[in-house]
Amino acid sequence: MPESSPETHVIDFRAAEQLLAARDPRGAIRLLDSVITAHPENTAARLLRARAFFLAAQLRPAELEFQIVLEREPDNAFAHFALGRTLERAGRSEEALRHFRLAAALEPRPEFIEAARFARDTGDGEGERDSGHPNRDPE
């Protein structure tokens, strides 16, 4: 096996992105493990590994990685949204809703607002609530 270097870590990170895009989250996790071991401060690698854990249905490791990202970047709207999806998929809807609402407040993208289940005006004065999509990829 070739010796690890900053260059091989960049190559592994880029290859992990490609594996995740090709729906091979376990392959991505294997590559990212060495990158994160060498560079534990690398938030981008941790976020990518969290997404890979989510897609591999490894919810507890995904949750832990998203939490690490949020400790370092509390204003990362995507990390809040993805943590919300992870918690929702794990059956922890109330915890998930908090992160969905933080994501929507930080960055009002339509998918974040929808997940936050903010009441939408339906014209009848009642409003409508979205039930969410618990099995959707956080992307």
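In the predicted model, Glu-65 is in contact with Arg-46, Arg-49, Ala-50 and Phe-53, when neighbours within four places in sequence are left aside. Glu-65 lies in helix H4. Its relative accessible area is 5%, so Glu-65 falls under the 20% limit and is buried. Helix H4 comprises residues 59-72. Phe-66, the next residue in the chain, touches Leu-47, Ala-50, Arg-51, Ala-79, Ala-82, Leu-83 and Thr-86, not counting residues up to four places away in sequence. Ala-50 is thus listed among the contacts of Glu-65 and among those of Phe-66.

Phe-66 and Phe-81 have the most contacts inside the largest nonpolar core, which has 34 residues. The elements that give two or more residues to this core are helix H1 (6-21), helix H2 (25-38), H3, H4, H5, H6 and H7.

Helix H5 covers residues 77-89. With 13 residues at 1.5 Å a residue, the expected span of H5 is 18 Å, and the distance between its end C-alpha atoms, 18 Å, agrees with this. At the N-terminal end, H5 is capped by Asn-76, which has a side-chain oxygen 3.2 Å from the backbone nitrogen of Phe-78. After H5 comes Gly-91, with a positive phi near 80°. Of the 13 residues of H5, 12 are buried, so the helix is largely enclosed by the rest of the structure. The buried residues include Phe-78, His-80, Phe-81, Arg-85 and Glu-88. The cover over the buried residues of H5 includes helix H3 (43-55), helix H4 (59-72), helix H6 (93-106) and helix H7 (110-116). Several residues of H5 also appear in the contact list of Phe-66, including Ala-79, Ala-82, Leu-83 and Thr-86.

Two aromatic pairs are counted in the model. In one of them, the ring centres of Phe-81 and Phe-100 are 5.8 Å apart and the ring planes stand at 50°, so the pair is classed as tilted. Phe-81 belongs to helix H5 and Phe-100 to helix H6, so the pair ties together parts that are 19 residues apart in sequence. Both Phe-81 and Phe-100 are buried. Ring pairs join Phe-81, Phe-100 and Phe-112 into a cluster.

On the N-terminal side of the chain, Leu-32 is found in helix H2. Leu-32 has a relative accessible area of 0% and is therefore buried. Apart from residues up to four places away in sequence, Leu-32 touches Phe-13, Ala-16, Ala-45, Leu-48 and Arg-49. Arg-49 is also one of the residues in contact with Glu-65. The C-alpha atoms of Leu-32 and Ala-15 are separated by 9.3 Å, the two residues being 17 residues apart along the chain.

His-9 is found in helix H1. With 8% relative accessibility, His-9 counts as buried. Its contacts, leaving aside neighbours within four places in sequence, are Ser-4, Ser-34, Val-35, Ala-38 and His-39.

Two loop residues were examined for their backbone angles. Most residues other than glycine have a negative phi. Arg-23, however, has a positive phi near 65°. Arg-23 is found in the loop between H1 and H2, and at 54% relative accessible area it is exposed. Ala-57 likewise has a positive phi, of about 60°, although it is not a glycine. Ala-57 is found in the loop between H3 and H4. Its relative accessibility is 46%, so Ala-57 counts as partly exposed.

Confidence varies along the model. The protein chain has an average pLDDT of 88, and 83% of the residues score at least 70. Over residues 121-136, pLDDT stays under 50. For this segment the model has 25 contacts beyond four places in sequence.

Key: Residues are numbered from 1 along each chain as its sequence is written. Side-chain values use heavy atoms; hydrogens and water are left out. Helices (H or I, at least four residues) and strands (E, at least two) are DSSP runs, numbered from the N terminus. The expected span of a helix is 1.5 Å times one less than its number of residues. Buried means under 20% relative accessible area, exposed over 50%, partly exposed in between (1.4 Å probe, protein chains only). Contact means heavy atoms within 4.5 Å. A polar contact is a pair of N or O atoms within 3.5 Å; within protein, one must be able to donate a hydrogen and the other to accept it, and residues adjacent in sequence count only if both atoms are side-chain atoms. pLDDT is the predictor's confidence in each residue, from 0 to 100. A nonpolar core is a set of buried Ala, Val, Leu, Ile, Met, Phe, Trp, Tyr and Cys residues joined through side-chain atoms within 4.5 Å. Rings of Phe, Tyr and Trp (its six-membered ring) pair if their centres lie within 6.5 Å; planes under 30 degrees apart count as stacked, over 60 as edge-to-face and the rest as tilted.
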